[in-house]
Amino acid sequence: MQGWWERVWVGGRPWWILAVVQFGNLMPSMDGSMVAIALPSMAVGTGIPLSTLQWVATIYYLVSAVVVLIAGRLGDLLGRSRVFTFGFVLFTAASLGSATVPGLPGLLACRVLQAVGGACLVANGNAIITSTFTDGRRGFALGLNSTILAGGVALGFLVGGLLTDGFGWRSVFLVNLPVGAVAVALALRVLPARNGPAKAFRFDWVGSALLALAVCGLLVGLQRLGAQRAATAEVLGLLGGGAAALLALLAVERRTETPLLPLAVFGHRNVAVGLAAIALFCSLLAASGILLPLYLQGVLGVGAAQAGLALAPYSLTMCILAPFSGILAEKFNAAWMMAGGAVLAMAVSIGYVFLGVSAPLAAVALGQLLIGLAAGVFFAPNRVLLFAGLPDGLLGVVSGLMQLTRQLTYAAAIALSTLAVAVAVEPHGRLSDLSVGTVPPAARVAMTEAMGAVYVVLAGLLAGAAVLCLWHARTRRRAAARPLTPVRETSP
């Protein structure tokens with residue numbers, strides 16, 4: 001009996017830790033899609049207009065983007081097990097509040113707390129895995145993160161729809177309670193009690209405030225650019241203010257004893273290359289997420305169910321492939337694999353340039369299958385590259401930077417893609433009509449041409465990602481990091 005216990009619990013502790021981290025990936029990823037699908041029912045149940053209720057989803061996204069880097073840095077300084085477990089507790093408690101609190105202000109307040117909890121989870125999960133798996137199993141574990149994150153979004157739509165139809169919109173929040181209770185119990189039992197520095201530190205309040213201003217200005221400005229379809233004074237003010245706050249943040253962090261964003265991390269070439277490659281690759285995923293549903297329903301005239309089936313191969317393929325590509329990334333040069341994924345995605349982008357007003361549905365589905373292959377080959381090796389050779393005290397901040405880079409890229413790509421299509425289509429009809437296929441033939445042609453132009457740009461960005469990864473692979477045959485200048489973690 002003792003031998004069995006040692007094999008399953010003691011010897012298998014890294015895998016229990018991996019399971020806890022996957023709970024931390026699954027809960028926030030499912031929550032976003034569950035809430036999105038429950039919004040129409042929420043509008044009926046509360047009598048609040050759907051346009052106003054969109055803030056229930058938007059405020060989570062915005063707060064999470066602001067907090068994710070802070071949460072990762074606090075994990076480095078306080079101990080990431082502690083911050084990660086706090087994320088579970090806060091996310092679960094805020095879910096209960098979201099399901100029971102009356103009125104929109106209370107619901108929005110609970111969503112803010114949920115976003116903080118979710119940011120603590122996603123910012124520290126990769127770091128916990130990296131510090132737990134120090135051998136060839138790390139690639140598989142990091143690849144599993146990609147699988148759970150992508151699968152959680154798809155599963156959230158299914159579960160959220162079933163819960164909303166069967167038990168009402170409040171159930172999409174209540175379902176987090178039993179899952180969160182199990183996750184908290186496991187986290188307290190299996191995560192290391194403390195893996196952060198013992199000494200006190202001075203929290204970077206100025207840097208955190210500047211980060212919040214920068215992220216809010218850039219994200220809201222990009223969102224308004226996509227909505228207003230013009231560089232209005234409001235849009236320019238938001239983007240300019242966000243950029244100015246970002247420059248001020250970089251200046252302040254150079255002189256701070258315990259900076260929120262240690263600038264020495266960018267001297268690690270794996271980190272610089274990895275973050276740049278994420279931004280270039282994610283531009284394709286974000287733009288496709290807004291362009292292809294419009295194209296399928298507005299130009300080809302297929303229903304929502306058919307459109308969903310055509311887009312599904314991406315998530316399915318990526319979920320299956322990611323853990324195995326993570327294993328290979330531990331055996332071969334991760335940058336070579338990233339370059340291969342970028343080249344395949346570039347080829348699909350070039351193919352999408354030639355989609356016409358009567359392209360077969362199978363052509364889009366095949367493209368999504370290939371993009372899923374490309375993403376499966378790209379993302380797990382990218383995580384292996386990002387965390388290779390990093391000192392333990394910087395794992396959380398790099399994890400937060402990775403999440404923030406993805407969110408800013410998605411906001412920029414969606415806004416600019418929407419703007420490009422709107423400028424082309426709206427002389428011939430309303431952009432909103434594309435979603436129901438009621439626009440005239442001229443608007444369909446304009447949509448196809450605009451989408452083709454966007455994919456030409458995306459192919460160029462992916463070519464840049466491939467060249468960057470190839471350069472990195474050739475000049476550093478193994479994805480090994482050079483030593484960093486020591487970063488002071490504590491106040492004097």
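**Helices, core and ring pairs in a predicted model**

Helix 9 gives way to Arg229, a residue whose phi is positive, near 60°. Helices here, like strands, are DSSP runs numbered from the N terminus, with at least four residues (H or I) for a helix and at least two (E) for a strand. The structure is a predicted model, in which local features need pLDDT of at least 70 and side-chain atom pairs count only at pLDDT 80 or more, while totals for chains, interfaces and linings use all residues. Residues are numbered from 1 along each chain as its sequence is written, and side-chain values use heavy atoms, with hydrogens and water left out.

Helix 9 itself covers residues 205-228, which makes 24 residues. From its first C-alpha to its last, helix 9 reaches 34 Å, close to the 34 Å expected at 1.5 Å a residue; the expected span is 1.5 Å times one less than the number of residues. Helix 4 (residues 80-100) can be checked in the same way: its 21 residues should span 30 Å, and the end C-alpha atoms are indeed 30 Å apart.

Stepping back to the whole chain, there are 16 helices and 0 strands. Of the 492 residues, 52% count as buried, where buried means under 20% relative accessible area, exposed means over 50%, and partly exposed lies in between (1.4 Å probe, protein chains only). The accessible surface comes to about 20100 Å², and carbon and sulfur atoms hold 71% of that area. These areas come from the Shrake-Rupley method with a 1.4 Å probe, and for residues only the protein chains shown count as cover. Contacts, defined as heavy atoms within 4.5 Å, often bridge long stretches of sequence: among those between residues at least 6 apart, 84% join residues at least 24 apart.

What does the inside look like? The largest nonpolar core has 132 residues, and Val56, Phe88, Phe281, Tyr295 and Phe379 touch the most other members. Such a core is a set of buried Ala, Val, Leu, Ile, Met, Phe, Trp, Tyr and Cys residues joined through side-chain atoms within 4.5 Å. The element that gives the most to this core is helix 11 (residues 269-299), with 16 residues. For Phe88, the contacts beyond four places in sequence include Val20, Phe23, Met27 and Leu121, along with Ala183, Val184 and Ala187.

Aromatic rings offer another view of how the chain is held in contact with itself. There are 8 aromatic pairs in the structure. Rings of Phe, Tyr and Trp (its six-membered ring) pair if their centres lie within 6.5 Å, and planes under 30 degrees apart count as stacked, over 60 as edge-to-face and the rest as tilted. Trp15 and Phe140 form an edge-to-face pair, because their planes stand at 65°, with ring centres 6.3 Å apart. This pair links distant parts of the chain, since Trp15 is in helix 2 (residues 13-46) and Phe140 is in helix 6 (residues 138-167), 125 residues apart. Both rings belong to partly exposed residues: Trp15 has a relative accessible area of 35%, and Phe140 has 25%.

The pair of Phe281 and Phe379 is edge-to-face too, with centres 5.4 Å apart and planes at 80°. Phe281 lies in helix 11 and Phe379 in helix 14 (residues 361-387), so the pair ties together parts that are 98 residues apart in sequence. Here the residues are buried, Phe281 at 0% relative accessible area and Phe379 at 3%. Ring pairs also bring in Phe378, giving a cluster of Phe281, Phe378 and Phe379. In addition, Arg406 lies over the face of Phe379, at 4.9 Å from the ring centre. Arg269 lies over the face of Trp471 at 4.5 Å. A charge sits over a ring if NZ of Lys or CZ of Arg is within 6 Å of the ring centre and within 35 degrees of the ring normal.

Two serines complete the picture. Ser98 belongs to helix 4, a mostly covered helix in which 15 of 21 residues are buried. Ser98 is buried as well, at 1%, and among its contacts beyond four places in sequence are Leu107, Cys110, Arg111, Trp169 and Phe173. Ser399, in helix 15 (residues 395-425), is buried at 0%. Its contacts outside the nearby sequence (four places) are Val122, Ala123, Asn124, Asn126 and Phe387.
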